[in-house]
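The exercises below ask you to read a protein model step by step, each with a worked solution. Please look at the sequence and the structure before you begin.

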Amino acid sequence: MIARLICGALEGVDAFRVDLEVDYTRQGMPSFVMVGLAEGAVREAKERVFAALRASGFRLPPARITVNLAPADRRKAGSAYDLPLALGLLAAAGQLDPERVTGWMLAGELSLSGDIKPVPGILPLALLARSLGSRGMLTAPAAASEAAVVEGLAVYAPRTLGEAAAFLNGSLSLPAARVTPPDAPPSFPLDFAEVKGQEHAKRAMEIAAAGGHNLLLIGPPGSGKTMLAQRLPGILPPLDFEEALEVTKIYSVTGLLNGRGLLDERPFRAPHHTISDISLIGGGSWPRPGEVSLAHRGVLFLDELPEFRRSALEVLRQPLENGVVTISRVARSLTYPADCMLVAAMNPCPCGYRSDPSHACVCTQAALERYRARLSGPLLDRIDLHVEVPAVPYDDLRASTPGTDSASMRERVARARAVQRERYQGTGCRTNADLNGALLERHCVLGREEHTFLGAAMRSLALSARAYTRILRIARTIADLAGSSAIALPHLAEAVNCRVLDREQP
């Protein structure tokens with residue numbers, strides 16, 4: 001008898017349909033053959049599945065078994081095929097009605113005792129099941145909340161293989177899984193009010209958050225660069241449903257959800273500067289998302305920026321410009337979302353004290369030039385704001401009057417984002433950082449006085465065309481924060497002032 005079941009395989013952050021066919025016949029010598037471009041973990045499923053069947057009280061007579069995973073020309077990996085394979089064997093052996101397993105999306109790993117365990121990528125599989133019009137989805141209890149975020153799909157979570165077989169046979173009733181609500185509303189334990197002084201840097205953080213701009217903080221050790229970056233997610237607007245779905249899919253395929261449902265907080269990723277190129281950008285022999293994709297719709301913080309490998313930083317150019325990462329291999333090419341805010345921090349020189357009046361800088365001009373040369377011009381051009389973070393004076397450290405707090409910054413950022421959302425509705429543009437081409441010309445119109453000022457700045461600072469675009473985007477955000485529909489001279493002046501590396505001569 002031949003049994004046919006539906007399961008799925010991951011490709012990037014999406015899933016495609018896999019038809020699992022089991023041919024079980026008593027004719028010929030007993031054997032087990034699996035075909036369909038199955039990788040190691042899938043081929044090993046045989047041992048797990050037969051042990052789980054025995055532990056669950058099922059007995060299969062010796063037979064010639066052929067398992068096909070279609071389409072046969074696309075790779076299948078992972079342990080998600082354990083549950084559909086076990087149920088397919090039972091259906092093909094006549095111990096389960098084949099009609100009752102037809103049309104269900106099945107995904108789960110089996111332990112040797114028959115328990116169903118979660119696997120990565122349940123959310124993309126659930127989205128695939130809904131698009132296929134499946135009767136429902138069976139998966140592990142630990143992953144049910146993740147799948148249940150897909151509206152219009154019934155998700156059931158049997159604890160064991162025996163419960164799954166009994167449910168499909170109709171002898172056991174299971175409740176549909178529900179989305180696990182968050183334990184508490186989002187909290188922001190890190191507040192900008194805790195950062196002493198640095199009001200200019202806080203203003204830059206607010207501009208970056210309001211317009212989705214990339215930001216580079218430059219200052220001596222201990223000036224508060226890391227503290228500022230860590231507090232940035234607290235002033236960003238919450239994820240909307242579509243953004244949350246995008247982020248959750250990425251964390252689902254990498255196995256980082258840990259049983260949570262839809263993520264409701266923007267990610268903050270801060271990899272160490274010893275990170276490899278592949279870990280940062282994604283890839284491998286069978287590509288996986290890297291840190292830049294895990295920071296999608298959130299913040300990627302690179303502390304000690306010049307200490308990162310030059311090759312790792314240069315591969316950031318594409319995602320910073322396009323918001324995606326394309327990884328090409330001989331077998332296939334995958335595209336991962338990577339639309340994040342880059343926040344980087346660096347010292348002004350190798351010793352760190354070039355801009356600190358309290359310490360003498362011991363760096364030679366040659367050492368300074370080598371240090372700055374670690375960051376290429378094209379990379380710096382893709383960072384909208386370059387902001388100096390000076391050492392904090394003692395009087396500011398001891399001041400009792402609190403500085404700008406996150407709550408007030410979050411309110412202003414939310415108002416500016418609301419203006420942008422209404423302005424760019426239906427254009428595919430989300431924030432001012434996405435402005436380009438015709439949209440930039442339409443929404444960044446300058447008057448004669450503003451054109452004269454910006455032209456002079458371009459000539460005196462030898463700015464590139466990309467820097468010109470960045471300044472217009474920043475000025476548009478500053479105008480939005482000020483509630484102005486037009487970009488005025490003060491907005492342009494502050495935007496130029498937010499690019500300190502353009503003005504500084506080493």
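**Exercise 1. Determine whether cysteine 429 is buried or exposed, and what its sulfur has around it.**

Solution. Cysteine 429 has a relative accessible area of 9% and is therefore buried, where buried means under 20% relative accessible area, exposed over 50% and partly exposed in between, with a 1.4 Å probe and protein chains only. The model is a predicted one, in which local features need pLDDT of at least 70 and side-chain atom pairs count only at pLDDT 80 or more, while totals for chains, interfaces and linings use all residues. Residues are numbered from 1 along each chain as its sequence is written, and side-chain values use heavy atoms, with hydrogens and water left out.

Next, consider disulfides, each being a pair of cysteine sulfur atoms within 2.5 Å: the structure holds zero of them. For cysteine 429, the nearest cysteine sulfur belongs to cysteine 444 and lies 9.7 Å away. For cysteine 363, which is likewise in no disulfide, the nearest is that of cysteine 351, at 3.5 Å. Cysteine 363 is partly exposed, with a relative accessible area of 22%.

**Exercise 2. Find how many residues of helix H3 are buried.**

Solution. Begin with the elements, of which the protein has 23 helices and 18 strands; these are DSSP runs numbered from the N terminus, helices being H or I with at least four residues and strands E with at least two. Helix H3 covers residues 82–92, and eleven of its eleven residues are buried, among them Asp82, Pro84 and Gly88. Just after H3, glycine 94 takes a positive phi of about 85°. For the whole protein, buried residues make up 51% of the 506 residues.

**Exercise 3. Work out which strands stand at the edges of the open sheet of five strands.**

Solution. The order in this open sheet is E11-E14-E17-E10-E18, with parallel pairing, and two strands pair if DSSP finds at least two bridges between them. The edge strands are E11 (268–269) and E18 (385–388), each of which pairs on one side only. Within the sheet, E14 (residues 299–302) and E17 (residues 341–346) pair in the parallel sense over four bridges, and phenylalanine 301 has valine 343 in E17 as its bridge partner.

**Exercise 4. State what the C-alpha trace spans along its principal axes.**

Solution. Along these axes, the C-alpha trace of the protein spans about 85 × 50 × 45 Å.
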